[in-house]
Amino acid sequence: METKVRSIVKAATWRMGGLIMTVSVAWIVTGKPSLAASIGAIDTLVKLGAFYVHERLWLKIRFGRLRPPDFEI
């Protein structure tokens, strides 16, 4: 089981890489660094929230999880 803080940190670090890629592509396409930064910021906020919700939903799904042993010493 993961804590909510761990899910938030994972989402944030993943999105940092995505932010760099999004801003780079937007800058190349638009030629405007300020517009590229705005696109990157909006994209990051939306996807950060989506990833957090996705991560928390997957914690409720048992698919692919190993069952803990019935007895441990």
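Colleague: Let me start with one residue: is Glu55 buried or exposed?

Modeller: Buried means under 20% relative accessible area, exposed means over 50%, and partly exposed is in between (1.4 Å probe, protein chains only). Glu55 has 13% relative accessibility, so Glu55 counts as buried. Bear in mind that this is a predicted model, where local features need pLDDT of at least 70, side-chain atom pairs count only at pLDDT 80 or more, and totals for chains, interfaces and linings use all residues. Residues are numbered from 1 along each chain as its sequence is written, and side-chain values use heavy atoms, with hydrogens and water left out.

Colleague: Fine. Which residue forms a salt bridge with Glu55?

Modeller: General idea first: side chains of opposite charge can pair when their charged atoms come close. The cut-off here is a side-chain nitrogen of Lys or Arg within 4 Å of a carboxyl oxygen of Asp or Glu. Glu55 pairs with Lys10, and their closest N and O atoms are 2.9 Å apart. That pair links distant parts of the chain, with Glu55 in helix α2 and Lys10 in helix α1, 45 residues apart. Lys10 counts as partly exposed, because its relative accessibility is 29%.

Colleague: And how many salt bridges does the structure hold?

Modeller: Four. One of them joins Arg15 to Asp43, with 2.8 Å between the closest N and O atoms. Arg15 sits in helix α1 and Asp43 in helix α2, so this pair ties together parts that are 28 residues apart in sequence. Both ends are buried: Arg15 is at 8% relative accessibility, and Asp43 is at 16%.

Colleague: Which other residue forms a salt bridge with Asp43?

Modeller: Lys47, with the closest N and O atoms 3.1 Å apart. Lys47 and Asp43 both belong to helix α2, four residues apart, or about one turn of the helix. Through shared partners, salt bridges join Arg15, Asp43 and Lys47 into one network. Lys47 has a relative accessible area of 40%, so Lys47 is partly exposed.

Colleague: You keep naming α1 and α2. How do I read their arrangement?

Modeller: Helices (H or I, at least four residues) and strands (E, at least two) are DSSP runs, numbered from the N terminus. For packing, axes are lines fitted to C-alpha atoms, for helices over the stretch in contact, and angles run from 0 to 180 degrees between N-to-C directions. Here the axes of α1 (residues 4–30) and α2 come within 7 Å and cross at roughly 150°. Angles under 35 degrees count as roughly parallel, over 145 as roughly antiparallel, 65 to 115 as roughly perpendicular and the rest as oblique. So α1 and α2 are roughly antiparallel to each other.

Colleague: Where would I look for residues distant in sequence but paired up in space?

Modeller: Try Ser7 and Tyr52: they are 45 residues apart along the chain, and their C-alpha atoms are separated by 6.4 Å. Ser7 is in helix α1 and counts as buried, because its relative accessibility is 0%. Another pair is Trp27 and Ile39, twelve residues apart along the chain, with 9.4 Å between C-alpha atoms. Trp27 is also in helix α1, but at 45% relative accessibility Trp27 counts as partly exposed.

Colleague: Last one: which residues make the nonpolar surface patch?

Modeller: Trp58, Ile61 and Phe63 make a patch of about 350 Å². Phe63 is in the segment after α2 (33–58), and Phe63 is exposed, with a relative accessible area of 68%. Patches are made of residues with over 30% relative accessible area and no salt bridge, with like charges joined within 9 Å and nonpolar side chains (Val, Leu, Ile, Met, Phe, Trp, Tyr) within 5 Å.

Notes. Accessible areas come from the Shrake-Rupley method with a 1.4 Å probe; for residues, only the protein chains shown count as cover.
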